[in-house]
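Me: Please take a close look at one part of the structure shown below, and then follow it outwards into its surroundings. I would like a single connected answer, with each term explained where it comes up.

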Amino acid sequence: QVQLVESGGGLVQAGGSLRLSCAASGIRLSINVMGWYRQAPGKQRELVATISSGGTTNYADSVKGRFAISRDNAKNTVDLQMNSLKPEDTAVYYCNARRPPPFEYNYWGQGTQITVSS
């Protein structure tokens, strides 16, 4: 079985920091593109950051300079460091693992709530 379990969510003040962690089982994160997505109430799920198997990172414009995605292959985890948090960062954050064709798959965690108060 494949599981992605997010942790580290919670309530923080604007300007504060949080670190999310995604722990994987039944899958090797190092061979996947790993991503963090978020979904705010009434809005579509959006990409926050990705990291490829080669370590290339990509960020949404709204989080560049504030968030950082990283991967620890030995621990089989992927983290998202979030700094200078804003109320508009409030959302449920989801961990994602995917591979492109021809061996495509796409797995999601259950999400963790981030609430940033003003």
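Reply: **The cysteine pair and its surroundings**

C22 and C95 are both buried, where buried means under 20% relative accessible area, exposed means over 50% and partly exposed lies in between, calculated with a 1.4 Å probe on protein chains only. This is a predicted model, in which local features need pLDDT of at least 70 and side-chain atom pairs count only at pLDDT 80 or more, while totals for chains, interfaces and linings use all residues. Residues are numbered from 1 along each chain as its sequence is written, and side-chain values use heavy atoms, with hydrogens and water left out.

The two cysteines form a disulfide in which the sulfur atoms are 2.1 Å apart, a disulfide being a pair of cysteine sulfur atoms within 2.5 Å. The structure holds one such bond. The angle about the S-S bond is -85 degrees, which makes the link of C22 and C95 left-handed. This pair links distant parts of the chain, with C22 in strand β3 (residues 18-25) and C95 in strand β9, 73 residues apart. Helices (H or I, at least four residues) and strands (E, at least two) are DSSP runs, numbered from the N terminus.

Two acidic residues can be followed outwards from here. E6, in strand β1 (residues 3-7), touches both cysteines, and its other contacts include S21, W36, Y93, Y94 and T112, leaving aside residues up to four places away in sequence; contact here means heavy atoms within 4.5 Å. E6 is buried yet has no salt bridge, and the nearest side chain of opposite charge, R45, is 7.8 Å away. For that comparison Lys and Arg count as positive and Asp and Glu as negative, with His and the chain ends not counted, and a salt bridge is a side-chain nitrogen of Lys or Arg within 4 Å of a carboxyl oxygen of Asp or Glu. What the E6 side chain does have is backbone nitrogen beside it: that of G111 lies 2.9 Å from one of its polar atoms, and that of Q110 lies 3.2 Å from one.

The second acidic residue is D79 in strand β8, which counts as buried because its relative accessibility is 15%. Among the residues that D79 touches, again leaving aside those up to four places away in sequence, are C22, R19, W36 and I69. The side chains of D79 and R19 are joined by a polar contact of 3.1 Å. A polar contact is a pair of N or O atoms within 3.5 Å; within protein, one must be able to donate a hydrogen and the other to accept it, and residues adjacent in sequence count only if both atoms are side-chain atoms.

W36, touched by E6 and by D79, also belongs to the largest nonpolar core, which has 29 residues and in which W36, V78, L80, M82 and Y93 touch the most other members. Two or more residues come to this core from each of β3, β4, β5 (46-51), β7, β8, β9 and β11 (112-117). A nonpolar core is a set of buried Ala, Val, Leu, Ile, Met, Phe, Trp, Tyr and Cys residues joined through side-chain atoms within 4.5 Å. In soluble globular proteins, nonpolar side chains tend to be buried together.

Charged pairs complete the picture, and a search of the whole structure finds five salt bridges. One of them joins R38 and E46, with the closest N and O atoms 2.8 Å apart; R38 counts as buried because its relative accessibility is 5%, whereas E46 is partly exposed because its relative accessible area is 31%. R38 also pairs with D89, the closest N and O atoms being 2.9 Å apart. That second pair links distant parts of the chain, since D89 is in the loop between β8 and β9 and R38 is in strand β4 (residues 33-39), 51 residues apart. D89 forms a further salt bridge with R66, where the closest N and O atoms are 2.8 Å apart. Here D89 meets a residue of the loop between β6 (57-59) and β7, 23 residues apart. Through these shared partners, R38, E46, R66 and D89 are joined into one network.
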